[in-house]
Amino acid sequence: MQDYRFCPSCATPLVDAAVFNQVRPRCPACGFIHFRDPKVAVIAFVTYNDRLLLICRAVDPARGQWALPGGYMDAGEMPREALRRELEEEVGLDVRVGRLLEIFPMEDPDATTGNRERRGIVLAFAAEPANDDLITLQSMDDVSAAGWFTVDELPEEIAFSSTRTLIDAWISGTGVP
């Protein structure tokens, strides 16, 4: 997560200060406080005829690995609206978004220390194609491939613990439609 080094209001160097029970970058000149707001992402557990939709990531992190489709919410979007947009952008699929399945921490691995910093949350929703006659997938945006997989056909290279957790629940018959 990138921090401000200088105040965006007056350009004074920020200092770390205890503010609202947490250390935060604060401007000693004008009082500006930088709040590290979390990122919010949405992912879809889309099933159709006992198959699960997975995408192969064309970008880092986890380039070349398989994951559930989704992405970041934009300012002003609600989660279901963002998820429908992301699936249209990534695979050209119109979906009906169902119930919230789980909320996962979004962790950003630090390549130098191996530590993980929580930088947001991932909202996982159940979903299904909105039009059963049109389930042809396209690979667009940050997706290199997309496909429908049965339990026996799942790829080995699964990105993200959130995807693995939901797939494991689907295989065991607990918690995922």
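**Figure 1. Lining of the largest pocket in the predicted model.** The structure shown here and in the views below is a predicted model. The largest pocket is lined by 32 residues. Nearest its centre lie Arg 57, Pro 61, Met 106, Val 122 and Phe 160. The volume of the largest pocket is about 750 Å³. Strand β7 gives the largest share of the lining, with 6 residues. At least two lining residues come from each of β3, β4, β6 (70-72), α1 (79-91), β7, β8 and α2.

**Figure 2. Fold of the protein.** The protein contains 2 helices and 9 strands. Read from the N terminus, the order of elements is β-β-β-β-β-β-α-β-β-β-α. Along the principal axes, the C-alpha atoms fill a box of roughly 60 × 35 × 30 Å. The protein has 177 residues, and 39% of them count as buried.

**Figure 3. Phe 45 against Trp 170, an aromatic pair.** The model holds 5 aromatic pairs. In this one, the ring centres of Phe 45 and Trp 170 are 5.9 Å apart. Their planes stand at 70 degrees, so the pair is edge-to-face. Phe 45 belongs to strand β3 (residues 39-48) and Trp 170 to helix α2 (residues 161-172). The two are 125 residues apart, so the contact links distant parts of the chain. How accessible is Phe 45? Its relative accessibility is 1%, so Phe 45 counts as buried. Trp 170 is buried as well, with a relative accessible area of 12%.

**Figure 4. Trp 66 against Phe 149, another aromatic pair.** The rings of Trp 66 and Phe 149 are 5.2 Å apart, centre to centre. Their planes make an angle of 80 degrees, and the pair is edge-to-face. Trp 66 is in strand β5 (residues 66-67), and Phe 149 is in strand β9 (residues 143-149). This pair also links distant parts of the chain, 83 residues apart. Are Trp 66 and Phe 149 buried or exposed? Both are buried.

**Figure 5. Lys 39 over the ring of Tyr 72.** Here a charge meets an aromatic ring. The charged end of Lys 39 sits over the ring of Tyr 72. It lies 4.8 Å from the ring centre.

**Figure 6. The salt bridge of Glu 153 and Arg 51.** The model has 8 salt bridges. One of them joins the side chains of Glu 153 and Arg 51, at 2.8 Å from N to O. Glu 153 sits in the loop between β9 and α2. Arg 51 sits in strand β4 (residues 51-57). The pair links distant parts of the chain, 102 residues apart. Glu 153 is partly exposed, at 40% relative accessible area. Arg 51 is partly exposed too, at 30%.

**Figure 7. The salt bridge of Glu 128 and Arg 96.** The closest N and O atoms of Glu 128 and Arg 96 are 2.9 Å apart. Glu 128 lies in strand β8 (residues 116-129), and Arg 96 lies in strand β7 (residues 95-109). The pair therefore ties together parts that are 32 residues apart in sequence. Glu 128 is partly exposed, with a relative accessible area of 36%. Arg 96 counts as partly exposed at 40%.

**Figure 8. A network of salt bridges around Arg 85 and Glu 86.** Five residues are linked here: Asp 74, Glu 77, Arg 85, Glu 86 and Glu 89. Within the network, the side chains of Glu 86 and Arg 85 meet at 3.1 Å, N to O. Glu 86 has a relative accessibility of 7%, so Glu 86 counts as buried.

**Figure 9. Cysteines without a disulfide.** The model has 0 disulfides. Cys 27 is in none, and its nearest cysteine sulfur, that of Cys 10, is 3.5 Å away. Why is Cys 30 not bonded to Cys 7? The sulfur of Cys 7 is the closest to that of Cys 30, but the two are 3.5 Å apart, too far for a bond. The cut-off for a disulfide is 2.5 Å between the sulfur atoms. Cys 27 is buried, with a relative accessible area of 0%. Cys 30 is partly exposed, with a relative accessible area of 44%.

Definitions and conventions
Residues numbered from 1 in each chain as written. Heavy atoms only, no water. Buried < 20%, exposed > 50% of the residue type's maximum accessible area, 1.4 Å probe, protein only. Phe/Tyr/Trp six-rings, centres within 6.5 Å; stacked < 30°, edge-to-face > 60°. Helix = DSSP H or I, 4+ residues; strand = E, 2+ residues; numbered from the N terminus. Lys NZ or Arg CZ within 6 Å of the ring centre and 35° of its normal. Salt bridge = Lys/Arg side-chain N within 4 Å of Asp/Glu carboxyl O. 1 Å grid on protein atoms, 1.4 Å probe; cavity = no way out; pocket = protein on both sides within 12 Å on 5 of 7 lines; lining within 4 Å. Points joined across faces, edges and corners; volume = space filled by probe spheres on them.
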